[in-house]
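Here are a few exercises to work through with the model open beside you. Try each task before you read its solution.

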Amino acid sequence: MPTTRPTPLRRRTLLVAGATLPWLPAVSPARAQSTDAWTAVEQAARGQTVFWNAWAGSEQTNAYLQWVAQQVKASHNITLQHVKITDTADVVKRVRAEKAAGRRAGEGTVDLVWINGENFAAMKNEGLLFGPFAESLPNFRLVDVVGKPTTRNDFSVPTDGMESPWGMAQFTLFADSRRLPQPPRSMTELLALARAQPGRITYPRLPDFHGTTFVKQALVELAPDPAALGRPVTDAALATQAAPLWQFLDALRPHLWRGGRQFPQNAAAVRQMMADGELLLALTFNPNEAANEIAARRLPPSVVSWQFDRGTIGNTHFVAIPYNARSPAAAQVVANFLLSPAAQARKADIAHWGDPTVLDLARLSPAERALFGAAPLPGMVTRPAPTLPEPHASWVDPLEREWARRYAA
Amino acid sequence: MTHTGRGERALALGLLALVAGPLLASAALALGAALDATAWAAWPAQPGALRALGLTLFTGLASTALAWWACAALLAQAVVRRRLDRLLRALPPLLATPHAALAIGLVFLLAPSGWLLRTVSPWLTGFDAPPPWPTTQDPWGLGLIAALVAKEIPFLLWCAATQLQRDDASRRWQAEHTLACTLGYHPVRAFWRVVWPPLAQRLRWPLLAVLAYGLTVVDMALVIGPASPPTLAVLAWQWLQDADPAIQAQGAAAGLALALVVGACAALVLAPRRPRRAVDGRRGPATMGWRPGATLLLGAYAAVLAALAVGSVSGVWAFPALWPQTWTLDAWRAVGASGATVGTTLWLAAGSAALALAWSVAWLECAPPRWDAALRPLIYLPLLLPAVLWVVGLYALGLRLRLEGTAGGLLLAHTLMALPYVLLTLSPAYQGFDPRCAALCASLGHGRWTLLWRVKWPLLRRALASAAAVGFAVSVAQYLPTLYLGAGRWSSVTTEAVTLAAGGQRSLTSAYAALQFALPVLGFALAAALGRPRRFRPETP
Amino acid sequence: MTLALDLQSLSVGDRPMLRGVTLRVAPGEILTVMGPSGCGKSSLLAVVAGTLAPPLRWTGTLTLDGTDLASLPTARRGVGLLLQDPLLFAHLSVAENLLFAVPPGPRAERHAAVDAALAEAGLAGCGERDPATLSGGQRARVALMRALLARPRALLLDEPFAALDAALRAQFRAFVFDHVRERGIPALLVTHDAADIADPVRVLRLPSAPDAPAHA
């Protein structure tokens with residue numbers, strides 16, 4: 001009797017999934033949680049308190065989180081507390097310290113954290129996260145994992161369901177069109193602009209994440225082999241791929257604000273200086289930020305946003321649950337709510353925040369799709385550019401260190 | 001009274017254990033985190049680290065020296081022109097201004113797109129866009145020095161005032177000054193020769209507190225100090241924030257290095273020195289210091305507050321417009337929505353001020369003088385160690401005792417931080433209390449408690465109230481301890497303000513800075529009201 | 001109620017200040033203690049009052065009417081104090097200063113005692129006043145009445161007349177001596193002014209050198 005070698009588990013699952021896929025369009029091929037299990041989670045979540053540590057540098061974010069808190073209170077009696085932080089690395093540090101002090105599951109101070117990139121990589125590698133949970137959330141089936149691959153791949157590190165996608169980000173610039181009628185369409189044009197009007201352009205000091213992204217954008221545009229950036233960094237790769245970057249930054253430096261001897265703290269400082277007229281342009285990760293600021297009457301209506309012609313770096317930001325969260329069930333319910341069309345639509349609404357959605361609009365019902373009204377508003381990006389993938393998470397540290405060595409002293 | 005009895009010694013010992021225990025434990029834990037050999041080798045090698053150290057020394061020493069000189073000059077003015085009381089009455093609002101709020105306001109005034117330049121552009125300067133002058137966050141730290149000086153002058157004046165108003169000294173120095181004038185000395189020179197030397201001697205601890213603060217400040221340096229590289233305190237704090245444990249160890253090591261620098265400067269300041277013999281007999285007029293000094297200081301504070309007030313309601317405000325182009329109340333609405341944080345700030349501040357005051361009074365009553373003299377440096381430790389390092393230890397201690405995120409742990413941290421200031425402010429008046437009163441009271445047949453409740457504490461009401469107000473203000477301004485020991489469960493007005501300052505919106509930052517300012521001012525106003533001397537009914541003829 | 005002090009030695013650290021001082025004061029008698037400045041007059045009073053603070057130390061015996069006072073704290077000795085500075089408490093009115101001294105008892109009685117004392121001091125009706133508004137002489141009288149209201153068994157006077165001008169001094173001196181004799185309690189008066197001597201026969205002169213004993 002011929003014996004077949006047992007097919008490896010993953011391949012078997014894929015085969016089965018591939019076979020059943022045409023018949024189950026609405027269910028993601030990954031492990032979908034049965035409704036019973038999810039109901040159990042929802043039951044456990046009732047009455048719990050969730051401490052959500054999230055960056056709080058803008059009023060829109062804070063107001064949106066307040067709205068979410070009201071909604072989950074009404075639906076599941078969950079008390080959502082927004083813990084305002086300036087830097088996600090703080091939370092990583094806190095959870096790490098708690099783990100070192102022996103806090104077991106259920107004894108932590110953080111239930112949910114707004115996270116991505118190298119912070120996520122750190123937490124995942126050190127076993128500081130609860131999960132996998134993301135792909136078992138009922139609303140995860142609405143996520144556009146095909147059109148937005150970064151929802152499963154955070155800075156080239158697979159999420160493995162340890163974090164749930166929340167919003168999209170893409171590196172965007174904005175400026176007052178009265179002071180800058182011809183926006184630069186690439187890094188090279190930016191350099192030319194800096195030469196023409198010295199002292200009026202700058203970017204935040206690394207390791208602020210906007211500053212890092214500016215440098216990564218230049219890297220991606222100038223590297224001889226962009227594919228190498230998607231793989232973990234090596235010394236050789238760093239030397240070859242980053243050489244044109246350092247040349248570019250060296251050439252740019254003398255024409256920067258304050259001669260490049262000094263850099264602003266963060267992107268908000270850059271935005272304030274742009275609003276005051278001290279700088280020509282500002283950067284952001286939210287393509288709708290300028291529109292939002294104009295709507296809130298903090299920027300004049302003449303401000304426009306744009307992205308570089310060949311594309312700018314984009315990523316997804318997520319929420320994750322630490323391993324020792326006290327209310328993991330409620331945290332999952334909140335994460336699920338964040339993925340709901342109602343929540344995503346309100347988030348994408350420029351009047352409230354303008355953060356782009358992670359959902360695939362095609363998978364929504366017509367009523368839900370209508371929530372995502374898209375009337376163009378002043379300050380929005382008129383010609384969206386392609387999203388370039390982030391380099392692998394391991395590139396961030398060496399880049400930041402080298403930048404600091406060259407320009408921080 | 002007579003020498004301390006056994007019961008008192010036991011109480012003093014208990015008080016000491018309450019405070020010294022957590023202090024020493026935190027210090028030990030912080031040192032443990034900082035004594036990492038690789039980190040010690042690594043941190044000076046970081047780009048800009050040594051320059052940061054140089055900047056720290058320059059800004060700290062320069063600002064302290066300037067503040068010291070300015071304080072002396074202002075006192076000379078006030079004593080000679082007999083305006084001391086007026087000067088001292090103007091102090092509480094200045095003292096209450098939180099450091100971060102003052103720095104933010106100064107930035108709004110001095111920045112290239114700030115108010116000062118807007119008032120003269122474009123008609124005087126011809127600028128259409130903000131000039132590329134590094135007026136704030138300048139690489140030499142001059143902006144930071146200005147901000148530090150503006151903040152430390154009132155504190156030094158306040159400490160000098162508590163010394164000058166002691167029961168046992170106030171009439172005496174006035175008499176001595178008058179005497180020197182009758183000997184032919186010009187009034188100003190008489191001040192410098194006769195009044196200032198003993199006063200300066202008594203101001204050594206406050207001077208040290210000012211120096212330690214200048215060397216280790218984080219929130220002011222973030223707002224107005226140099227950015228690339230920043231001062232060493234900011235650099236250490238940034239490293240401590242990093243997710244990588246190796247870099248955190250570097251941060252702790254840099255914090256320890258900073259502590260050593262403070263220690264070295266402390267040794268210099270506290271070194272006993274022979275008073276200079278000023279017997280050359282010169283009697284002519286000496287440098288007065290600076291006639292418009294007081295007005296300039298008050299004017300600077302007023303300008304800063306005005307900048308914050310206008311900034312908080314501004315929408316679009318492009319250079320070179322003098323006034324905002326759009327006005328909006330959004331920022332204040334956001335502030336209004338954060339009622340819980342105001343509540344947290346209030347109970348923390350009131351609680352820690354009360355505890356610190358109770359401890360200080362108990363200590364000053366019961367501790368034998370020798371213990372007090374020997375142990376003051378220990379109690380003043382939080383003033384001298386950089387907050388950056390301190391917080392590492394406190395948080396580690398909190399984790400061990402499972403106090404992180406609890407109200408009790410947070411209150412304990414705030415009390416420990418407020419205690420040195422309260423003790424510093426209260427000691428002169430308390431220890432200067434006329435000892436004959438105690439003898440008299442006892443001779444009338446009353447025991448210790450009656451003396452305290454009905455005589456000593458009522459007579460010291462003003463000093464007690466101001467010490468409590470100082471503790472209140474210190475607690476409101478605490479940033480790092482609230483951040484770490486609150487473990488995210490609790491946020492205060494200061495943590496909100498600094499978090500929002502990271503967001504950069506001028507209106508929101510100004511509004512929170514204004515709120516940050518209002519609370520301690522209320523505290524001081526309350527203290528002034530409580531500390532008023534009793535009004536007697538006017539005499540009936 | 002005789003006050004008897006047998007001082008063997010009074011020293012500052014190791015340095016002796018006084019040696020072999022004995023005194024006996026009968027009720028109603030005022031013993032004047034005189035001596036050059038720095039000889040320990042006020043310290044002698046402190047010994048009797050119980051307010052001697054280290055580094056000052058003394059050895060000897062102290063009795064009042066046979067009871068040993070040395071082992072009692074100041075508040076239980078019943079020894080009144082009148083200082084050069086009247087030290088009226090600034091936060092209490094004149095009447096409250098006096099009331100402070102009256103021993104516990106029925107309210108009406110205590111207030112009556114205060115009223116009587118005010119009248120005695122020539123300040124009837126001035127009870128609600130701020131002590132700072134009184135003249136020097138008035139303050140001194142109130143201070144004495146306050147000391148007496150506490151029903152002391154002995155009275156110590158530490159240069160109480162030194163701050164007053166000549167005319168007031170004579171007046172106040174008479175006031176004090178009259179009251180002390182009227183109460184029939186022993187009193188010790190420290191002064192450096194010979195005009196203050198209460199009874200020329202009862203004077204204790206302290207020597208400037210510590211070795212010579214003194215008796216009175």
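Two residues count as in contact if their C-beta atoms, placed from the backbone, lie within 7 Å. Keep in mind that this is a predicted model.

**Exercise 1.** Work out how many residues chain C and chain B each bring to their contact, and what the chain C side is made of.

*Solution.* Start with the count: 25 residues come from chain C and 19 residues from chain B. Next, look for the elements on the chain C side that supply at least two residues each: helix H2 (74-77), strand E6 (79-82) and helix H3 (94-101). E6(C) gives the largest share, 3 residues. Finally, sort the chain C side by class, and you get 15 nonpolar, 7 polar and 3 charged residues.

**Exercise 2.** Now do likewise for the contact of chain B with chain A.

*Solution.* Chain B puts in 42 residues and chain A 47 residues. On the chain B side, helices H16 (330-336), H20 (387-400), H26 (493-501) and H27 (506-530) give two or more residues. By class, that side holds 18 nonpolar, 16 polar and 8 charged residues.

**Exercise 3.** Describe how helix H3 (residues 49-80) and helix H11 (residues 204-216) of chain B pack.

*Solution.* Two packed helices are described by the angle between their axes and the distance between the axes. For this pair, the angle is about 145° and the axes lie 8 Å apart. The crossing of H3(B) and H11(B) is right-handed. Then pick out the residues that meet: among them are B:Gly60, B:Ala67 and B:Trp68 in H3(B), and B:Leu207, B:Val210 and B:Gly214 in H11(B). The contact has 6 nonpolar, 6 polar and no charged residues.

Technical notes: Residues are numbered from 1 along each chain as its sequence is written. Chains are lettered from A and ligands numbered from 1 in the order in which they are written. This is a predicted model: local features need pLDDT of at least 70, side-chain atom pairs count only at pLDDT 80 or more; totals for chains, interfaces and linings use all residues. Helices (H or I, at least four residues) and strands (E, at least two) are DSSP runs, numbered from the N terminus. Ala, Val, Leu, Ile, Met, Phe, Trp, Tyr, Cys and Pro count as nonpolar, Asp, Glu, Lys and Arg as charged, and the others, Gly among them, as polar. Axes are lines fitted to C-alpha atoms, for helices over the stretch in contact, and angles run from 0 to 180 degrees between N-to-C directions. A crossing is left-handed if the near helix is turned anticlockwise from the far one by less than a right angle, and right-handed if clockwise.
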